[in-house]
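Got your viewer open? Let's walk through this one together, a selection at a time.

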Amino acid sequence: TKWVYDFSEGNKDQKDLLGGKGANLAEMTNLGLPVPPGFTITTDACRFYLEHGSTPPDLSDEVTEHLTALEKAMGKTLGDPSDPLLVSVRSGAAASMPGMMETVLNVGLNDESVQGLATQSGSDRFAWDSYRRLIQMFGKTVQGIDGELFDEALDEVKREQGTELDLDLDAEHLQDVVRRFKEIVKQHTDRDFPQDPREQMDLAINAVFDSWNSDRAILYRRRERIPGDAGTAVNVVAMVFGNLGMDSGTGVAFTRDPGSGEQGVYGDYLQNAQGEDVVAGIRNTVALTELEQIDKDAYDELLQTMSTLESHYRDLCDIEFTIERNKLWMLQTRVGKRTAGAAFRIATQLVDEGLIDMDEAVRRVTGDQLAQLMFPRFTEGGDAKKLTQGMNASPGAAVGKAVFSSEAAVEQAQNGEKVILVRRETNPDDLAGMIAAQGVLTSRGGKTSHAAVVARGMGKTCVCGAEELQVDTKAKKFTAPDGTEVTEGDVISIDGSTGKVWLGEVPVEPSSVVRYFEGEVDPEADDTEALVNSVHRILTHADSRRRLDVRTNADTPEDSARARRFGAHGIGLCRTEHMFLGDRRQLVEKLILAEGDDDRQAALDGLAPLQKQDFVEIFEAMDGLPVTVRLLDPPLHEFLPDLTDLSVRVAVAEAEGHPDEANLRLLAAVRRLHEQNPMLGLRGVRLGLVVPGLFAMQVRAIVEAACERKKAGGDPRPEIMIPLVGAVQELEAIREETEQVIASVCEEHGAEIRPLIGTMIEVPRAALTAAEIAHSAEFFSFGTNDLTQMTWGFSRDDVEAAFFHAYLDKGIFGISPFESLDLDGVGRLVRVAAREGREARPELKLGICGEHGGDPESVHFFHEVGLDYVSCSPFRVPVARLEAGRAAL
Ligand code: PEP
Ligand code: MG
């Protein structure tokens with residue numbers, strides 16, 4: 001194995017071997033840019049060291065070889081007493097881990113060579129300052145001495161000299177500092193500070209290897225999901241000095257503004273300083289443009305270098321540089337991080353500059369970035385007080401008065417108040433309140449809890465599972481961990497992108513990108529924000545590339561119309577249960593309580609026209625596009641009062657001596673329908689098989705609505721979807737009934753409507769018997785919420801808040817499987833069902849309508865397994881369009 005690479009031997013694509021810093025230093029060297037000579041010890045060597053507790057046997061010889069070459073290039077020898085070569089020993093892993101690992105500067109200085117450095121540099125002060133920095137860094141990172149001991153000693157000398165500034169210390173004072181530092185080293189290591197330059201270097205290299213496993217590095221990797229076994233490379237670089245006087249300095253720069261994408265000169269510069277002084281903020285930096293006045297030649301060369309880097313990397317780069325006595329040196333570069341807005345703008349700028357094509361521009365941005373651009377944002381400032389942080393369930397920034405019931409939300413919203421609905425958890429009864437509110441805050445429930453799913457569907461800001469809050473809806477208040485009480489009417493702010501909750505108003509601004517999607521902004525007008533134009537161009541190109549269709553999950557005409565404006569090509573999931581709420585609840589109650597066929601039919605007859613009208617409006621909003629209507633899915637008891645609440649009411653009435661007959665009957669029904677595991681109980685297709693007439697009523701409403709639209713000159717395209725099927729026999733029974741209803745409605749209306757009849761695949765058994773089920777289904781739509789719930793055995797309403805944090809901490813998975821599809825398990829079921837379903841019925845249409853339909857990584861998977869479309873909430877539609885385009889490239 002080759003353990004060491006000279007900078008001239010590597011390139012930017014060797015990050016895994018040379019680390020990010022090493023690979024880019026090599027790239028710059030080969031571009032002919034002014035990089036100080038040096039070499040990189042590979043991550044292989046680090047892994048060997050971590051595994052065996054010692055460096056590879058032949059590493060030392062290789063290092064010697066490369067050090068000799070370095071010495072030759074510099075015309076100096078490491079630690080030479082009369083004219084020493086000094087080196088820095090720097091960490092650099094493949095994945096950027098800013099500040100997590102160690103670096104030692106000025107390696108090669110000792111009691112003798114400090115004199116040589118003084119002579120050569122013409123500055124005693126500089127030489128002694130460099131030496132004290134070496135001992136300080138070496139003592140701390142290599143020898144493990146508490147860094148504060150050095151800080152204290154330095155402060156003491158400053159105190160004795162009556163100053164607070166390092167710069168006020170002269171050579172003699174610094175010599176005194178060195179003496180004290182060496183004393184500290186001796187005391188804590190039982191030996192003198194190592195004088196042998198090579199020993200210093202070797203120890204520093206091992207210390208960098210060791211720093212891979214420092215506590216903070218491990219913690220950082222766990223949070224950023226960086227593999228723990230990658231190891232770091234070590235770069236040994238000839239020192240250049242930014243602290244040799246006012247003609248020297250150090251700085252950082254970006255080739256474009258990483259905040260906005262704007263072109264220009266962005267960066268900071270600090271005269272007479274070394275890199276760590278900038279980070280430590282010891283003195284104030286100046287804007288990079290001022291370097292033009294300070295040192296015009298170096299400035300010009302820097303701009304030239306930055307432009308070389310941009311056209312070479314074809315992207316925004318960030319750099320670190322040093323100027324040593326008017327000579328520019330490049331110490332680091334990498335493709336720079338940027339905000340979501342800058343990512344879009346830079347991508348189209350680079351297209352316009354001819355550096356990349358539109359395909360590449362689409363690759364350069366992500367759905368997550370687009371999603372960020374769609375949220376209204378909290379701006380900085382204001383004097384709101386942070387109360388807690390819950391789960392970031394549905395992004396956005398919402399401000400309003402806290403209210404604690406759906407009714408209060410509706411009432412106050414009607415009076416023109418902005419409100420935030422605060423609940424322990426929400427249920428379908430809260431829907432009206434959620435619609436009326438600016439945002440929703442719950443103290444229980446995870447990211448697929450009712451509140452979260454519904455809020456995302458509506459594009460409504462939601463923070464859920466804020467468990468530190470004690471919510472008392474009866475007393476209309478909640479209590480924060482610090483004891484702050486928030487009562488009805490107090491203004492709070494919630495950030496659905498971060499989960500943060502404040503007391504008071506944090507200022508917000510609307511998103512221009514959403515205004516564009518809504519059709520309120522012409523993306524090509526001259527005065528349109530550049531960002532909107534970039535988004536428009538990139539999304540249009542993604543659309544031209546994608547193979548997946550994008551539909552939406554919507555069950556109101558308003559959501560349907562909005563999703564259509566956002567680019568949805570039809571509805572993939574219309575959940576009919578949302579149409580059973582509100583005033584219709586009583587009719588549903590009647591249906592459940594019906595004692596005979598006549599009673600039941602009367603209840604169904606009451607519901608039918610209302611259902612039909614819903615569908616008429618949705619078909620109109622989606623005219624000419626497919627609308628997949630799912631027949632009723634949730635257990636019926638969800639439409640009845642809570643068992644405990646009702647029991648209490650009945651008991652109280654009885655105790656007061658006027659028992660309530662109606663409530664008694666209701667209570668009996670609630671008891672009869674009560675289930676220990678309702679999610680595994682009487683729901684979905686099972687309802688259709690057990691409650692006579694229910695599905696038939698819904699099918700009739702769908703087909704009648706379609707007939708009516710047709711008569712009005714419309715082009716309705718209904719598809720009928722049966723939920724929770726596990727066996728083909730279930731589907732066959734419902735299909736037969738459905739086809740009969742369709743035929744008779746068509747005959748009554750003299751119309752020809754022929755909806756596709758299909759099923760959801762959301763029970764593992766359905767996925768495993770997809771071939772049989774396909775015989776009776778014209779389409780499959782994967783219900784990945786339930787499929788995840790049932791494959792993992794995770795209650796989707798409970799587990800996220802209950803223990804997912806522990807699972808995430810322990811690395812059992814990196815992200816909730818309810819958020820991003822578990823490709824290995826649930827994904828395997830999807831793959832099998834798609835393949836075997838298509839084998840049985842080649843024209844089988846395949847879609848997905850679980851929450852994963854709007855998740856970027858999952859979209860790529862659905863593209864890969866050959867689905868026809870993904871369906872997601874209206875606000876995720878642009879995200880899915882973009883990711884479907886990216887998946888196809
Ligand atoms: C699903 O289970 O993925 C699905 C879309 O249905 P619901 O979320 O309504 O159960
Ligand atoms: Mg489901």
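Here is a short tour, from the whole chain down to single residues.

A word first: this is a predicted model, where local features need pLDDT of at least 70 and side-chain atom pairs count only at pLDDT 80 or more, while totals for chains, interfaces and linings use all residues. Residues are numbered from 1 along each chain as its sequence is written, and chains are lettered from A and ligands numbered from 1 in the order in which they are written.

**Stop one: the domains.** Colour domain 1 (44–56 + 63–238) and domain 4 (546–635 + 675–888); these bounds come from an automatic or database domain assignment. Their centres, taken over C-alpha atoms, lie 63 Å apart.

**Stop two: strand 2.** Select residues 38–41. Strands are DSSP runs of E, at least two residues long, and helices are runs of H or I, at least four, both numbered from the N terminus. Is strand 2 buried or exposed on its two faces? G38 and T40 on one side, and F39 and I41 on the other, are all buried (20 or more other C-beta atoms within 10 Å of a residue's own, with C-beta atoms placed from the backbone). Now add strand 1 (residues 4–6), which pairs antiparallel with strand 2 over 3 bridges; pairing takes at least two DSSP bridges. Strand 7 (residues 232–238) also pairs antiparallel with strand 2, over 4 bridges. Zoom in on F39: D6 stands opposite F39, and so does V236 of strand 7.

**Stop three: helix 20.** Select residues 530–545. The end C-alpha atoms of helix 20 are 23 Å apart, which agrees with the expected 22 Å (1.5 Å times one less than its number of residues). Its buried residues include L531, V535 and L539.

How values were computed: A residue is buried if 20 or more other C-beta atoms lie within 10 Å of its own, exposed if 12 or fewer, and partly exposed in between; C-beta atoms are placed from the backbone.
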